[in-house]
Amino acid sequence: MSDTASTPRVRFAPSPTGYLHVGGARTALFNWLFARHFGGTLILRIEDTDFERSSEEMVEGILEGMLWIGLNWDEGPFYQSKRLDLYRETAAKLLASGHAYYCFCTKEELEQRRAEAVAAGRPPMFNRRCRRIDPAVAADRKAAGESCAVRFAVPEDGGATSFDDAVFGKVEFANAEIEDFVLLRSDGIPTYHLSVVADDIDMRLTHIIRGADHISNTPKQVLQYRALGAPMPVFAHVPLILGPDKTRLSKRHGATSVIAYKEMGIVPEAFRNFLALLGWTPGAAGKDADGKDRELFGSEELTRLFSLDGISKSNAVFDNDKLAWFNTEYIRAYDAAKLLPLIEEEWTKAELTPNRTHDEVIATIDLVKPRARNLKDFAIAFRAYFSDDFTYDPAAVTKFLKDDAVRAMLVELVARYESATEFTEASTEQILRAFAEEKGVKAGALINGARVALTGQAVAPSLFAVMVNLGKDRVVKRLTATAAITVPAVSS
RNA sequence: GGCGCCAUGGUGUAAUUGGUUAACACGCCGCCCUCUCAAGGCGGAGAGUUCGGGUUCGAUCCCCGAUGGCGCUACCA
C-alpha cells in the first residue's frame, strides 16, 4: 500500500452487459462501506470495452440499483470507452520496455491451434509463437498495415507470481501457467486485462475489492503493475454468492437483478442489511450484551463496523427466507410516514386509490404494519383498510362466513352499532359480546365472521381496533353487506 | 483436463488464533397468549466441525492426502 495515500481509494467497476445483480451489488456495498469507514473515496467506473454487449440502458439500470440500496459514489461514472488513449499509451509503454509484443496470429489460427491442443490433451494455451519475432521486424510488419494484437510477455523464468490477498492470504501461480494474454485487440480496443490495470493505476486506487472470480486474473495484473513500475494496491477478493443448490446464482434461482427485489416489495435497507451479512460478519463487535450475534444494522453502524478482516473465504448461499425476515423487521421498525411513499408506489402499481384522509392512512399503516412481511401486503391483503374497493378472500369466507346463522346475526348486529352513542374499542367489543351472549353463540364465531366481512381477510389486527379504524359508517355498511357475500361452492 | 480457491446443523456465521456440554441468527417443530394471523414468551429437533491419515497430553483450529463445490482456463468482463 502506498503511504502517500492517507485515505483509501476504491472502486466499483461493473460491466454494463446486464442489470446490477446481487453479487455486483454486494461488491459495490463492500467498497462503499470500506470507503465510508475510512473516509476514503469511492469511484464508479463503467467497464464497457465490450462494445457488442454493453449498452447505456444497462448503465442506467446499474445506477438505479446502486441508488436503490443507498449507495453513492464520489467520482465518476467514468466510461472506459472514453479513455481509450490511456490504454493505448499504456500498451505502448509496455511495448517499449519489452514487456509486450505484437502478435500477428489470426483469430482463426488461434482457434484451430486451441482445438488441436485440446484434442491432443495439451493445455490450450497460446504458444507464444509471435514472441520470437524480432521487434524491429514486427514493427515493420505493423507499419506495413498487417493486422496485429498486443500481448503481454509473461516471464519465462520458471518462477511464480503471487500476491497477498487481504481475505485469502498468499495466492501464488506458476508463471508457466499464465499465458501471454492479449492487452490490445487488433482493432485497438483494450481487453479487460489492460484497461483495469491502466485505470486502477491512473485512478490511484489503493484497494481492489472485487469478486473472487477475479482471483485467477490477478497475477496477470500483478505482472503489469511490476512492468509499469506502479505501486501495488491491496487485493481483497470477496467470495461469491450462490443459489440454494450451491451453484452460481442465476435466473434459475429466481431474481438475480437487484431491482427485481424492489419490485417484489423488499425495503432497500432490509436488502442492504441482508447483503452486508452475506460473506461478512462484524465479529465480536456485532454481539450484544448477552453475547448473542446481532443481525440488524443500520447504515451508520455497518460503516462503523465494516472491515476487510470480517470477510469470509467461503461462498455464501442466498437465503430468501432470511431476506424476508429482514424485510419484516425493517417494515415494522419504519414509521408510517417513512413507509408511506414506498407504499404509495405499490398502490400505484395495484391501481388502488385510497379513499381515506392522510391522517387516517397514517394511522392505518401503523395498525396494519406489524403483520406485514412485504410492501405488497399494503396493496393486496390490506386493501380493505385503505379503500372500499376490495374483494373477499374465498378461503376466509369459507372458513368463517359459511354459516348462514352467523351471517344473519352479523346483519342483525348492525342495529346495535347504529344506535350506539360511542364507538370505541371497548364499546364495540362490549356490544358484540353482549349480543353473542344473548344469542347463545360464542363471541369468537361472530368476531371471526365480522373480521372477514370488514376486511375480506381471515387475518387482521384485533377486530375492535379495526372497527374503530374503519369508523362507524364503514362498519355498518360492510356488516350490512355480509348478507350479499357469496360463499364459494365447496368442491370435492 | 490444467491451474487456483474453499469446506462448522437446511441457510448465514461464532468459537480468547490447540483445551467450550461446538455458540448466535434465519428457517423448522411444539407449548403459552388469544377474536384470526403475525408478533412476543417458553421449550425442542437438527452439526461432534466433508472423509482418511498424521503432529500433540489434547484438535473445528496445524500438516498431508482424498472427496466435493466453486472460479479461471477468449483478440468477454
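In the predicted model, Glu301 is buried, at 18% relative accessibility. The cut-off for burial is under 20%, so the value of 18% for Glu301 falls inside that class. Its partner is Arg304: the two side chains meet in a salt bridge, with an N to O distance of 3.7 Å. Arg304 is exposed, with a relative accessible area of 54%. The bridge thus pairs a buried acid with an exposed base. Both residues belong to helix H10, which covers residues 299-305. They sit three residues apart there, so about one helical turn separates them. An α-helix has 3.6 residues a turn, so residues three or four places apart point the same way. Side chains of opposite charge can pair when their charged atoms come close.

A second intrahelical pair is found in helix H11, residues 320-333. Here Glu329 forms a salt bridge with Arg332, and the closest N and O atoms are 3.1 Å apart. The spacing is again three residues, or about one helical turn. Arg332 is partly exposed, with a relative accessibility of 45%.

The search of the whole structure returned 33 salt bridges. One of them links Asp199 to Arg45, with the closest N and O atoms 3.7 Å apart. Asp199 lies in helix H6 (residues 192-202), whereas Arg45 lies in strand S2 (residues 41-46). The two positions are 154 residues apart in sequence, so the pair ties together remote parts of the chain. Asp199 is buried, with a relative accessible area of 0%. Arg45 is buried as well, at 0% relative accessibility. Neither value leaves any doubt about the class, because burial requires a value under 20%. Asp199 and Arg45 also belong to a network of salt bridges that share partners. The other members are Arg11, Glu47, Arg83, Asp200 and Asp202.

Chain A contains 20 helices and twelve strands. Its radius of gyration is 32 Å. The globule rule gives 23 Å for 492 residues, so the chain is more spread out than a compact globule. The C-alpha trace spans about 105 × 50 × 40 Å along its principal axes. Buried residues nevertheless make up 51% of the 492 residues. Among contacts with a separation of 6 or more, 77% join residues 24 or more positions apart. The accessible surface comes to about 23,200 Å². Carbon and sulfur atoms account for 52% of that surface. The chain carries 60 positive and 68 negative charges. The mean positions of the two sets are 3 Å apart.

Helix H7, residues 218-228, is mostly covered. Nine of its eleven residues are buried. Among them are Pro219, Val222, Leu223, Tyr225 and Ala227. The buried set also includes Thr218, Lys220, Gln221 and Gln224. Just after H7, Gly229 takes a positive phi of about 65°.

Backbone geometry was examined at further sites. Arg204 has phi near 55°, a positive value in a residue other than glycine. Arg204 is found in the loop between H6 and strand S9 (207-211). It is exposed, at 54% relative accessibility. Lys246 likewise is a residue other than glycine with a positive phi, near 65°. Its place is the loop between strand S11 (241-242) and helix H8 (258-263). Lys246 is exposed too, with 61% relative accessibility. The peptide bond from Gly76 to Pro77 is cis, with omega near 5°. Pro77 is located in strand S3, residues 75-79.

Glu344 lies in helix H12, residues 336-349. Its relative accessibility of 39% makes it partly exposed. Glu344 and Glu64 are 280 residues apart in sequence. Their C-alpha atoms are 19 Å apart in space.

Note on methods. Residues are numbered from 1 along each chain as its sequence is written. Chains are lettered from A and ligands numbered from 1 in the order in which they are written. This is a predicted model: local features need pLDDT of at least 70, side-chain atom pairs count only at pLDDT 80 or more; totals for chains, interfaces and linings use all residues. Side-chain values use heavy atoms; hydrogens and water are left out. Helices (H or I, at least four residues) and strands (E, at least two) are DSSP runs, numbered from the N terminus. The radius of gyration is taken over C-alpha atoms; the globule rule is 2.2 Å times the number of residues to the power 0.38. Buried means under 20% relative accessible area, exposed over 50%, partly exposed in between (1.4 Å probe, protein chains only). Contact means heavy atoms within 4.5 Å. Accessible areas come from the Shrake-Rupley method with a 1.4 Å probe; for residues, only the protein chains shown count as cover. Lys and Arg count as positive and Asp and Glu as negative; His and the chain ends are not counted. The place of a charge is taken as NZ of Lys, CZ of Arg, CG of Asp or CD of Glu. A salt bridge is a side-chain nitrogen of Lys or Arg within 4 Å of a carboxyl oxygen of Asp or Glu.
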